[in-house]
Amino acid sequence: MAYADDCDTRPAPVLPATLKILVAGGFGAGKTTFVGAVSEIEPLCTEELLSGLSEEPDPLDGVEAKTSTTVALDFGRITLDERHVLYLFGTPGQERFWFLWEELCAGALGAVVLADTRRLADCFPAVDFFERRGIGFIVAVNEFDGGHRYTAGEVREAVGLGPEVPVVRCDARLTSSGTGALAALVHHLLFTAATDPAKPWNPDRGEPR
Ligand SMILES: Nc1nc2c(ncn2[C@@H]2O[C@H](COP(=O)(O)OP(=O)(O)OP(=O)(O)O)[C@@H](O)[C@H]2O)c(=O)[nH]1
Ligand SMILES: [Mg+2]
């Protein structure tokens, strides 16, 4: 007797390849806002009121208006085409939740590190994190109202970025701006893959891409 599946001659559906990108940065840099602005689905957010946390929050200097914070992750999705879906993971910014970054970065293609112009140095732990793990990233400068307007060179110097790391401007509230930052990241990752002989998928090594 044939199983029902044996009679089904339709080709198996091709599941889309999933690509994972992280959105990281310091406390209050705009990560949740960024994921929400670019995601095609209602983003999954894990926000808690700062007043409800059992421990003292990270210093609020420069982000006094902040009332809630991400305690685990933000999750969003962008369908690129029939075969490719981008999953976005926003990291928590408060130092007490940094231990989650390790888990969140598993399998990530790359990262957008948001830099807050009011607290530029706060993006350094995220920059350091991705550098140490060899995960490609760009720095997207989220220009808050009233924040200083830095040149890309000033940001590069202040954060100690290598010349290969792209620095772009963005407004995390705007879909077009966030999408532009993601495009800059993908461009950077493709360029690195094509030029870095250490990358396993470098075409010069003749391995499958
Ligand atoms: N003016 C301005 N406000 C912004 C911008 N990006 C984010 N905000 C606001 O800044 C606040 C903090 O943004 P969040 O997206 O919660 O920041 P976050 O990095 O996720 O914060 P944590 O998860 O607590 O680290 C929110 O009230 C946003 O509306 C921006 O580009 N300009
Ligand atoms: Mg957040």
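## A helix across the sheet

Helix H5, residues 175-195, lies across E1, E5, strand E6 (136-142) and E7, and runs at about 155 degrees to E6. Keep in mind as you look at it that this is a predicted model.

A good residue to pick out in helix H5 is Gly178. Gly178 has 29 other C-beta atoms within 10 Å, and 20 or more are enough for a residue to be called buried, so Gly178 counts as buried. Setting aside neighbours within four places in sequence, Gly178 is in contact with Phe34, Ala37, Val38, Cys170 and Ala172. Gly153 is another matter: Gly178 and Gly153 are 25 residues apart in sequence, and their C-alpha atoms are 21 Å apart in space.

## The whole protein

Let's step back for a moment. The protein has 5 helices and 7 strands, and along the sequence they follow the pattern β-α-β-β-β-α-β-α-β-α-β-α. Along its principal axes, the C-alpha trace spans about 70 × 45 × 30 Å.

There are 209 residues in the protein, and buried ones make up 32% of them. If you take the contacts with a separation of 6 or more, 69% of them are between residues 24 or more positions apart.

## The sheet

In what order do the 7 strands of the open sheet come? Going across, you meet E2-E3-E4-E1-E5-E6-E7, and the pairing is mixed. Strand E2 (44-49) and strand E7 (167-170) stand at the edges with a single partner strand each, so one side of each has no neighbour in the sheet. On average, neighbouring strands here are turned by 25 degrees against each other, direction ignored.

Helix H1 packs on this sheet too: H1 touches E1, E2, E3, E4 and strand E5 (110-116), and its direction makes about 25 degrees with that of E3.

## Strand by strand

Now for some of the pairings. Strand E1 (residues 17-25) and strand E4 (residues 84-90) pair in the parallel sense, over 7 bridges. Within this pair, Ala17 stands opposite His84 in E4. E1 is also joined to E5 by 5 bridges, and these two strands run parallel. Here Gly25 has Leu114 in E5 as its bridge partner.

Strand E5 is mostly covered, with 6 of its 7 residues buried. E5 and E6 run parallel as well, joined by 7 bridges, and Val113 stands opposite Val139 in E6. Together, E5, helix H3 (residues 124-133) and E6 make a right-handed β-α-β unit.

## A loop residue after E5

Between E5 and H3 there is a loop, and Leu120 has its place there. Is Leu120 buried or exposed? Leu120 is buried, because 20 other C-beta atoms lie within 10 Å and the cut-off is 20 or more.

Not counting residues up to four places away in sequence, Leu120 touches Ala115, Val155, Ala158 and Val159. From Leu120 to His148 you go 28 residues along the sequence, with the two C-alpha atoms 9.7 Å apart in space.

## Around ligand 1

Ligand 1 has 20 residues around it, and those that come nearest are Gly30, Thr32, Thr69, Thr70 and Gly93. What kinds of residue make up this shell? By class, there are 5 nonpolar, 10 polar and 5 charged residues.

Helix H1 (31-38) and strand E3 (68-81) each supply at least two residues of the shell. H1 gives the most, with 3 residues.

## Gly93 up close

Gly93, one of the residues that come nearest to ligand 1, is found in the loop between E4 and helix H2 (100-104). Gly93 has 27 C-beta neighbours inside 10 Å, so it counts as buried.

Which residues does Gly93 touch, leaving out those up to four places away in sequence? They are Gly25, Gly26, Phe27, Gly28, Ala29, Lys31, Thr69 and Thr70. Thr69 and Thr70 may ring a bell, as they too are among the residues that come nearest to ligand 1. As for Asp128, 35 residues from Gly93 along the chain, the C-alpha atoms of the two are separated by 14 Å.

Terms used: Residues are numbered from 1 along each chain as its sequence is written. Chains are lettered from A and ligands numbered from 1 in the order in which they are written. This is a predicted model: local features need pLDDT of at least 70, side-chain atom pairs count only at pLDDT 80 or more; totals for chains, interfaces and linings use all residues. A residue is near a molecule or strand if its C-beta atom, placed from the backbone, lies within 6 Å of it. Helices (H or I, at least four residues) and strands (E, at least two) are DSSP runs, numbered from the N terminus. Ala, Val, Leu, Ile, Met, Phe, Trp, Tyr, Cys and Pro count as nonpolar, Asp, Glu, Lys and Arg as charged, and the others, Gly among them, as polar. Two strands pair if DSSP finds at least two bridges between them. Axes are lines fitted to C-alpha atoms, for helices over the stretch in contact, and angles run from 0 to 180 degrees between N-to-C directions. Two residues are in contact if their C-beta atoms, placed from the backbone, lie within 7 Å. A residue is buried if 20 or more other C-beta atoms lie within 10 Å of its own, exposed if 12 or fewer, and partly exposed in between; C-beta atoms are placed from the backbone. A crossover is right-handed if, with the strands pointing away from the viewer, the path from the first strand over the helix to the second runs clockwise.
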